[in-house]
Amino acid sequence: MAFSLNELPPRMQKQALAKMAEEDRQRKAKQQLMEETEEEGKKRSKYRSSKVTVTLPDGTEHTFDSRKEARRYEELRLRQQAGEISDLCLQKKFVLIPAQREPDTVGKRGGAIQGKLIERECSYYADFCYTENGKTVVEDVKSPITKTPVYKVKKKLLLYVHGIRIKEV
């Protein structure tokens, strides 16, 4: 049922016009944001950090998730050159819970057939891992907003399974 705005009482006309103006303003703001995002060619990161690419000593490039993480890498690299730490590695994987599979079966020709995957493995990727005074140190560059519930559980699992505490920087 269509009706004209003029058929409404003056008070309701005023409300309808205000509502239409507000919806129009929101639509224009949304469109402007989309155009700005398209101009940048990418959408903003989850924690509003900007990725930084650094050339490693071996000539390869590594992209860090934030400027803070890239700065920490430079500090650790200098410490390694000074001999304070050794075996510096990036994004080392620690398996916290292995993949869960159904039991293997024997195929028609006698070969083993791997069981169906029930649950994927649960892993933790450390930002940095190095040896200091004979002990393995695992570091993660964190800010209060990146200490998510998932991170907190993985931190506890790493301590329980591997006996390693994460050093938060």
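1. Two strands pair if DSSP finds at least two bridges between them. Keep that in mind for the hairpin of β1 and β2 in this predicted model. Strand β1 (residues 52-55) and β2 run antiparallel, and 4 bridges join them. One of the contacts to look at is T53, whose bridge partner in β2 is T63.

2. The turn of that hairpin is worth a glance too. There are 5 residues between the strands, and G59 takes a positive phi near 95°.

3. Now the faces of β2. In a regular strand the side chains alternate between the two faces of the sheet. Strand β2 (residues 61-64) does this: H62 and F64 point to one face and are buried, while E61 and T63 point to the other face and are not buried. So T63, the bridge partner of T53, has its side chain on the face with E61.

4. On cysteines: a search of the whole structure turns up 0 disulfides. C122 has C129 as its nearest cysteine sulfur, 17 Å away, and C122 counts as partly exposed at 23% relative accessibility. For C129, the nearest cysteine sulfur is that of C89, at 4.3 Å. A disulfide needs the two sulfur atoms within 2.5 Å, so C129 is in no disulfide. C129 is buried, at 4% relative accessible area.

5. Last, K108. You'll find K108 in the loop between β5 (105-106) and β6 (112-113), and K108 is exposed, with a relative accessible area of 90%. If you want a partner for orientation, take Y160: K108 and Y160 are 52 residues apart in sequence, and their C-alpha atoms are 42 Å apart in space.

Terms used. Residues are numbered from 1 along each chain as its sequence is written. This is a predicted model: local features need pLDDT of at least 70, side-chain atom pairs count only at pLDDT 80 or more; totals for chains, interfaces and linings use all residues. Side-chain values use heavy atoms; hydrogens and water are left out. Buried means under 20% relative accessible area, exposed over 50%, partly exposed in between (1.4 Å probe, protein chains only). Helices (H or I, at least four residues) and strands (E, at least two) are DSSP runs, numbered from the N terminus.
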